[in-house]
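Colleague: I'm new to reading protein models. Could you walk me through the pockets and the ligand?

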Amino acid sequence: MDYLQINGGKKLSGDVIISGAKNSALPIIASTILSNKEIKLTNLPNVVDIRTLLKLLTMLGGEVNHDKTTAIINNSSINNTKAVYEIVSQMRASILVLGPLLARFGECEVSLPGGCAIGQRPIDLHLKALEAMGAKIEIRGGYVRAEAPNGLIGAKIIFDKITVGGTENIIMAASLAKGVTTIINSAREPEVVQLCEMIESAGVKITGIGTSVLTIEGTDGKPLDFKDIEIIPDRIEAGTYLCAGAITNSSITLHRVNYEHIRASVSKLEEMGCSFNIDKDNITINPTEHLKAINLITTEYPGFPTDMQAQFMSVLIMANGESIIEERLFENRFMHVSELNRLGADIWLKGNIAAIRPIDKLYSADVMATDLRASSALVLAGLVADGTTNVHRIYHLDRGYDDLEGKLLKLGADIVRLKK
Ligand code: EPZ
């Protein structure tokens, strides 16, 4: 199994190009099911999750021509509507095929994703909303079986809780439904916005894009004809490199960034004393010797993202006072705490609140990644730990970071991928 070996203490400098957003690419790949024509996707991140979802499309009978950052997809040949356990168990975002498969084919079976390392992550809100649109749903043998033989019907959906994947599934389902669907309390993440814009560019009338109330006028079963699409920059990857600059007291310039999308992370780093130069789609973080302690609460966009919580925790270990982090989105997203404590951090945890107390230094150790963002938090800590840190189970990292070690190496980190 691969692991990363990092010799801490190196200053970083230079430039890094931010890849396309995994969490935008995934729903966009799923939405290609709504079409029976060829579509080209560019600026895909070269990560395992993208390959997994593309593999699922080919298992359904779609034609996929994929080369690192580009995919040409033609789903006119789909002849199977079952998303099997083998794929969904590898990546729970496969649930995003539920809405489009049901909308286009009137039936489908999708393996029920189980819980995962960051929490239970139920899909009850996806299912309730599809039922409100006329779908008949049952759970049998670990699969969600959904049917709407006469097509889905537009409905008024009020989400009890803001859900990114739930909003995306219903936007896709609604785009082929009969009549108008209104989604109230919808997610407003940039990834949801890009999905709406893609569907809108195929002629579907959508209002309220980027707000918490969306209306979608469906095509009554007519497949969509998409324009080619370039995936937006990954705001979480960008935030992670800003954290790399902050924790190592270095200057790093990020290219191909959408500043609007990373405002919450930038403003928290500013509160810690970091400064930035921003120029169009480039952002430079300047060296900051003394990081100040801060408090942060994870919440939905445009608030501070849960996907940046672990990386900020690593940076806050080096701050000059006690910081508090409250995790509001996922009940179990603190698995990195005990690993960071193994590196000498002093983090106290109770429920969904962590107190990060100041320490003089981190000391290297063998640590184990538990999920995607926890992995990058451990790498960040390894960049400043005294000695050689080995980060194990980096298959989590490979799911969502495009060549993290290559990009860090280019910035001057002493990092190497090894096999055990
Ligand atoms: C998306 O997951 C992202 N994944 C996650 O990124 C991200 O952490 C999360 O949104 C929150 O921003 C992708 O976009 C592929 P949710 P998703 O539905 O859609 C609860 C990463 O590291 N909920 O918005 O699965 C749920 O349990 C990751 O890249 C229900 O209760 O998240 C959670 O507490 C991991 N019932 C909250 O809502 C439902 O039916 C928000 O989850 C659905 C969700």
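**Reading a pocket and a ligand site**

Modeller: Sure, and keep in mind that this is a predicted model. Let's begin with the second largest pocket, which holds about 350 Å³ of space.

Colleague: Which residues lie closest to the centre of that pocket?

Modeller: I247, N249, E289, M318 and V384 do, out of 18 residues that line the second largest pocket.

Colleague: And which helix gives the most to the lining?

Modeller: That's α8, with three residues. Both α8 (235-248) and α12 supply at least two residues each. Sort the lining by class and you get eight nonpolar, six polar and four charged residues.

Colleague: Okay, now the ligand. Which residues come nearest to it?

Modeller: Look for L125, T163, G165, D307 and L329, which come nearest among the 22 residues around the ligand. By class, that shell has ten nonpolar, five polar and seven charged residues.

Colleague: How do I spot a polar contact here?

Modeller: Look for a pair of N or O atoms within 3.5 Å. In the side chain of T163, an N or O atom is 2.7 Å from a ligand oxygen. For the side chain of R373 that distance to a ligand oxygen is 2.8 Å, and for the side chain of N23 it is 3.1 Å.

Colleague: How much of the ligand's accessible area does the protein cover?

Modeller: It covers 89% of the 830 Å² that the ligand has on its own. As for the shell, the elements giving two or more residues are α1 (22-31), α5 (124-132), α6 (164-175) and α12 (372-384).

Terms used
Residues are numbered from 1 along each chain as its sequence is written. This is a predicted model: local features need pLDDT of at least 70, side-chain atom pairs count only at pLDDT 80 or more; totals for chains, interfaces and linings use all residues. Side-chain values use heavy atoms; hydrogens and water are left out. A residue is near a molecule or strand if one of its heavy atoms lies within 4 Å of it. A polar contact is a pair of N or O atoms within 3.5 Å; within protein, one must be able to donate a hydrogen and the other to accept it, and residues adjacent in sequence count only if both atoms are side-chain atoms. Accessible areas come from the Shrake-Rupley method with a 1.4 Å probe; for residues, only the protein chains shown count as cover. Helices (H or I, at least four residues) and strands (E, at least two) are DSSP runs, numbered from the N terminus. Ala, Val, Leu, Ile, Met, Phe, Trp, Tyr, Cys and Pro count as nonpolar, Asp, Glu, Lys and Arg as charged, and the others, Gly among them, as polar. On a 1 Å grid over the protein atoms alone, a cavity is a set of points where a 1.4 Å probe fits but cannot get out, and a pocket is an open set with protein on both sides within 12 Å along at least five of seven lines; lining residues have an atom within 4 Å of a point. Grid points are joined across faces, edges and corners, and a volume is the space filled by probe spheres set on the points.
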